Amino acid sequence: MRVERPKDRDHGDWATNVAMQVAKAAGAKPRDVAGHLASRLAGRPGIASAEVAGPGFLNIRLAAGAAGELARFIVEAGPKYGLGDAMKGLTVNLEFVSANPTGPIHLGGTRWAAVGDSLARLLESQGAEVIREYYFNDHGVQIDRFAASLLAVVLGEDPPEDGYVGQYIQDIADEVMVEAMAARDKDPIERPRAEALEFFRDRGVKVMFAQIKESLHNFGVDFDVYFHEESLHESGAVDKCLGELKASGALYESEGAWWLRSTEQGDDKDRVVIKSDGTAAYIAGDIAYIRDKHHRGANLCVYLLGADHHGYIARLKAAAVALGYNPESVEVIIGQMVNLVKGGEAVRMSKRAGTVVTMEDLVEAVGVDAARYALTRSSIDATIDIDLDLLASHSNANPVYYVQYAHARAGAVARNAAEYGISRDQAFAPETLTHETETALLGLLGEFPRIVAQAAQFREQHRVARYLEELAGAFHGWYDRTRVTPQGDEPVTDLHRSRLWLNDATRQVLANGLGLLGVGAPERM
RNA sequence: GCCCCCGUAGCUCAGUUGGAUAGAGCGUCGGACUUCUAAUCCGUAGGUCGCAGGUUCGAAUCCUGCCGGGGGCACCA
């Protein structure tokens, strides 16, 4: 059952299918139920008409003043318009990006940075407390390979097998060397090989991580917690956790290894947590990490992962269950991949071919706003193509400008109105906002809170972007056919003043919506 | 083989968790600036919603099967 804005304006301002839904239970025909409701609604304050239509829809038309009052409400609510409290009391640990510190963040990670931050804003808009978290995999063999790659380039050797290549390896190695010299450390390359490797591992990761943090910051994404996997091992948290899980029977022993019952959460097979040589598998860190997140107050752990990590869902939920938590306390959101496109053709990103696009490349090419908007306006279920040339163009193939322009335009209207002495301090006559573009605009403005609440509930930030495009369209149409300032020697009337409220209300909603996407709302363009 | 995502206008994608005549942008074609920002607006053309069944008052949406594209299936991390 729902009350919604009908697609067809002829069907009124609001329409509901309630009569069809309850007809069976009421033992009456849908149209009869609707007719009864219509007669009860008609004549109530604010309602102009209520009619039965089609198989039993109830079409409701609001009195002009009632619809227009919304403009005042929005302007007075300001940045708070659109907020809700459906998630009050919920503490969400939202983990995203978590790219390995062995290189810069690529397009894929950039998508999760934009989406994750937007989801965080959406959850917060509904009253949830959100911890933005980045899990820093600084423990495994890939870090050893990274260190070996740095050392190799300093020594002028060939990169190691499965090592990392690219200019950034040289740059980081240089930076590590410069820092070593400045600190008057012992020259790294004079050290024994094992010691030199450890030196580059430690310093190299620090430098790489600082770069990643800076890129994210410049992208407008700052995490509350940068969590080091290494710390779970160093503190003994992993060992302690594993010991308890063995003792409690949450893990079982087979073929000399200890297993997690991930099949109970839909996995193809159970997963090894403690290898038969007694060492911990990667997943052991994940388990201890989930416990740590809960201990830090999270009652919902959300993971935003790429499609290539789809297999993690079952094992992360199984990990929660093994720890005694509800599997619902772990939520894994899987997003599809990002493709690089040039001239209409897909380009396979390859380090060797030099076709890798990083977060910094993307920002440099198109700017933060265009980048974030392009990455958040699509459903995460859709694979997206990024065409740098297209995004850099200030054309309508680039809807971020369409929305931003609407905001800037509303700002210009307000400035002009001020010059004419039109201000919101004077009369507001909501019943004067009767132009068809005004009815449409007011209708859309009224939907914003519901759009935001649903976007948060379904973890679908793209709904906000799509809504903003629709709202911007309605605003441009209104701008084109009505005027806030008088023409010629026309006097200023209540209609002009009332339209300023509508203009400012629209600007507020555009700003609030863009804010949820982490995209700027410029005053001028 | 099994699991996940996708298939909607020439292209890129929405489609309010089952509603009324399936939408937007780009691209076509044609219009609108001597007055608040033309990064805009108005009009036009374009569809077996991958295919076939099923569920019901009603399906792009839910179920089953098939076809096509992408991703994943380690005692790696």
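Here are some short exercises on the predicted model above, each with a worked solution.

Residues are numbered from 1 along each chain as its sequence is written, and chains are lettered from A and ligands numbered from 1 in the order in which they are written. Local features need pLDDT of at least 70 and side-chain atom pairs count only at pLDDT 80 or more, while totals for chains, interfaces and linings use all residues; side-chain values use heavy atoms, with hydrogens and water left out.

**Exercise 1. Get an overview of chain A: how many helices and strands are there?**

Step 1. Chain A has 18 helices and 15 strands. Both are DSSP runs numbered from the N terminus: helices are H or I with at least four residues, strands are E with at least two.

Step 2. Along the principal axes, the C-alpha atoms take up a box of roughly 85 × 60 × 40 Å.

Step 3. Out of 525 residues, 48% count as buried. Buried is under 20% relative accessible area, exposed is over 50%, and partly exposed is in between (1.4 Å probe, protein chains only).

Step 4. Now take contacts, meaning heavy atoms within 4.5 Å. Of those between residues at least 6 apart in sequence, 71% join residues at least 24 apart.

**Exercise 2. Work out what passes between domain 1 and domain 2.**

Step 1. Chain A splits into domain 1 (3–62), domain 2 (65–86 + 396–517) and domain 3 (338–392), with bounds from an automatic or database domain assignment.

Step 2. The C-alpha centres of domain 1 and domain 2 are 28 Å apart. Each side puts residues into the contact: 5 from domain 1 and 5 from domain 2.

Step 3. Together they bury about 450 Å², with 68% of it on carbon and sulfur atoms. That area is the accessible area (1.4 Å probe) that two parts lose on being put together, summed over both.

Step 4. The salt-bridge count between these two domains is 0.

**Exercise 3. Check helix α17 against its expected length and find what covers it.**

Step 1. Helix α17 (residues 462–481) has 20 residues, so at 1.5 Å a residue it should span 28 Å. The rule is 1.5 Å times one less than the number of residues.

Step 2. The end C-alpha atoms are 29 Å apart, which agrees.

Step 3. Buried residues of α17 include Val464, Leu468, Leu471, Phe475 and Trp478. Their cover includes α4 (107–125), α13 (368–376), α15 (399–419), α16 and α18 (494–517).

**Exercise 4. Follow Glu438: which residue is its salt-bridge partner?**

Step 1. Glu438 is found in helix α16 (residues 436–458). Among the residues it touches, beyond four places in sequence, are Thr432, Trp478 and Arg499.

Step 2. The partner is Arg499, at 2.7 Å from N to O. A salt bridge here is a side-chain nitrogen of Lys or Arg within 4 Å of a carboxyl oxygen of Asp or Glu. The pair links distant parts of the chain, with Arg499 in helix α18 and the two positions 61 residues apart.

Step 3. Glu438 counts as buried because its relative accessible area is 0%, and Arg499 is buried too, at 10%.

Step 4. For a contrast, look at Asp202 and Arg203, whose closest N and O atoms are 3.4 Å apart. Asp202 is partly exposed at 28%, and Arg203 is partly exposed at 26%.

Step 5. The whole structure holds 25 salt bridges. Asp117, Arg121, Glu124, Arg132 and Arg372 are linked in a network of them.

**Exercise 5. Place Val221 and Leu216 in the packing: is Val221 buried or exposed?**

Step 1. Val221 sits in the loop between α7 and β7 (225–228). Its relative accessibility is 0%, so Val221 is buried.

Step 2. Beyond four places in sequence, Val221 contacts Phe96, Ala113, Asp117, Leu216 and Arg372.

Step 3. Leu216 is among the residues touching the most other members of the largest nonpolar core, which has 110 residues. Such a core is a set of buried Ala, Val, Leu, Ile, Met, Phe, Trp, Tyr and Cys residues joined through side-chain atoms within 4.5 Å.

Step 4. At least three residues of this core come from each of domain 2 and domain 3. A second, separate core has 33 residues, including Ala288 and Tyr303.
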